[in-house]
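Student: Could you take me through one part of this model up close, namely the parallel sheet and what packs around it? I'd like a connected walk rather than a list.

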Amino acid sequence: MKAGSLTIVGTGIQLVGHLTLAAKAWIEQADKVLFAVADPVTAKWLRSLNETAEALPYNTNNHRRRQTYQEMVEKILTEVRQGLNVCAVFYGHPGVFADPAHEAMKQAQNEGFRAQMLPGISAEDCLYADLGLDPGRNGCQSFETTDFLIRQRKFDPTSALILWQIAFTGNLGFYKLEKQSQAITVLTEVLRRYYSADHKVIVYEAAVYHPVCKPVIKHIPLATLPETEVTDVSTLYVPPKALAPVDSEMMMRLGMHLFTESVGIR
Ligand SMILES: C[S@@+](CC[C@H](N)C(=O)[O-])C[C@H]1O[C@@H](n2cnc3c(N)ncnc32)[C@H](O)[C@@H]1O
């Protein structure tokens with residue numbers, strides 16, 4: 001194994017409080033810390049944990065986010081190739097909607113370096129807590145919004161639906177879309193094929209500076225989504241529209257009919 005290693009960790013969403021003890025230890029002992037985090041206070045705090053901490057390049061002038069992400073990967077690998085034990089820090093869970101983290105892992109491993117990723121607390125984890133959603137109840141489907149639309153993802157409206165990056169619908173770069181609300185209107189039209197106009201959806205933002213700030217939880221009828229303000233960190237939660245019917249034949253095959261009464265399956 002070559003000298004030099006890569007450890008990728010996440011800060012979680014909430015300032016300081018979401019960082020795991022393991023992630024903190026890797027940050028403190030790294031030869032070089034590189035970070036891509038969403039707020040300046042977290043950046044300052046990371047510098048206080050390790051004075052080598054430096055922001056990853058984040059060029060928002062690139063037409064494609066992919067190009068910006070490639071520049072981040074290059075910076076991470078440059079440090080690892082110098083034989084340093086590098087800790088790369090991303091916000092939330094470092095492996096959730098974080099292409100550069102996965103790409104850096106892959107490249108480091110392909111080049112013969114030790115590489116590992118530690119889990120962190122993602123926006124979806126916060127959503128479960130703040131909105132009282134248990135994915136074990138009706139199941140839960142998560143999609144990136146543009147991907148959801150352009151690939152016509154198959155999904156089950158009787159199960160929970162989470163759409164990420166709604167503010168970037170139809171936008172592969174960082175630019176502000178002139179027709180932002182048009183893209184959200186298209187999303188609303190597609191969702192309307194499955195849900196009624198008054199189906200209550202939630203535009204959600206977990207609190208970063210908890211408990212000083214509270215999460216943003218906007219309950220709105222689906223039809224009003226195009227007029228609702230969304231930000232770069234908004235996530236859309238669409239609750240199940242109804243309970244899915246059970247397949248009694250399947251229950252028979254599983255031997256469940258014997259217990260149906262006692263477990264109260266509807
Ligand atoms: C590039 S992804 C990063 C996700 C992050 N790695 C995580 O684990 O949550 C950015 C998207 O995550 C979601 N997101 C980020 N911060 C959030 C927050 N504070 N509340 C709700 N959703 C958030 C939004 O959908 C946003 O567009």
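Tutor: Sure. In this predicted model, the sheet you're asking about is an open one of five strands, ordered S3-S2-S4-S1-S5, with parallel pairing. Its edges are S3 (54-55) and S5 (114-117), and each of these pairs on one side only. Further in, S2 (residues 32-36) runs parallel to S4, and the two are joined over five bridges. If you want a spot to put your cursor on, pick Val33, which stands opposite Cys87 of S4.

Now bring in the helices. H1 (residues 21-29) packs on this sheet and touches S1 (5-10), S2, S4 and S5, with its direction making about 135° with that of S1. H4 lies across S1, S4 and S5, and runs at about 155° to S5.

H4 also has a helix to lean on. For a pair of packed helices, the description comes down to the angle between the axes and the distance between them. Here H3 (residues 65-81) and H4 (residues 99-110) pack at about 40°, their axes 9 Å apart, and H3 passes H4 in a right-handed crossing. On the H3 side the contact is made by Tyr69, Gln70, Met72, Val73, Glu74, Ile76, Leu77 and Arg81, while H4 brings Asp99, Pro100, Glu103, Ala104, Gln107 and Ala108. Sorted by class, that contact has eight nonpolar, two polar and four charged residues.

Step back along the chain from H4 and you're in the loop that links S4 (85-90) to H4, where His93 is found. A polar atom of the His93 side chain lies 2.8 Å from the backbone nitrogen of Gly95. Leaving out residues up to four places away in sequence, His93 touches Met117, Pro119, Gly120, Ile121 and Ser122. Of those, Met117 falls within the span of S5 (114-117), so to speak, which takes us back to the sheet edge.

His93 is also our way to the ligand. There are 17 residues around the ligand, and His93, Ala123, Ala206, Asp232 and Thr235 come nearest. For polar contacts, a nitrogen atom of the ligand is 2.7 Å from a polar backbone atom of Ala206. Ligand oxygen turns up in two more: one contact at 2.9 Å to a polar backbone atom of Gln165, and one at 3.1 Å to a polar backbone atom of Ser234.

Follow those contacts and you'll want the other sheet in view. This one is also open, with five strands in the order S6-S7-S10-S8-S9, but the pairing is mixed. S6 (140-144) and S9 (216-221) stand at the edges with a single partner strand each, so one side of each has no neighbour in the sheet. From one strand to the next, the twist averages 20°. S6 pairs with S7 (residues 160-164) in the parallel sense over five bridges, and Cys140 stands opposite Ala160 in S7. Lying across S6, S7, S8 (200-205), S9 and S10 (235-238) is H5 (residues 123-131), which runs at about 125° to S8.

Conventions. Residues are numbered from 1 along each chain as its sequence is written. This is a predicted model: local features need pLDDT of at least 70, side-chain atom pairs count only at pLDDT 80 or more; totals for chains, interfaces and linings use all residues. Side-chain values use heavy atoms; hydrogens and water are left out. Two strands pair if DSSP finds at least two bridges between them. Helices (H or I, at least four residues) and strands (E, at least two) are DSSP runs, numbered from the N terminus. Axes are lines fitted to C-alpha atoms, for helices over the stretch in contact, and angles run from 0 to 180 degrees between N-to-C directions. Contact means heavy atoms within 4.5 Å. A crossing is left-handed if the near helix is turned anticlockwise from the far one by less than a right angle, and right-handed if clockwise. Ala, Val, Leu, Ile, Met, Phe, Trp, Tyr, Cys and Pro count as nonpolar, Asp, Glu, Lys and Arg as charged, and the others, Gly among them, as polar. A residue is near a molecule or strand if one of its heavy atoms lies within 4 Å of it. A polar contact is a pair of N or O atoms within 3.5 Å; within protein, one must be able to donate a hydrogen and the other to accept it, and residues adjacent in sequence count only if both atoms are side-chain atoms.
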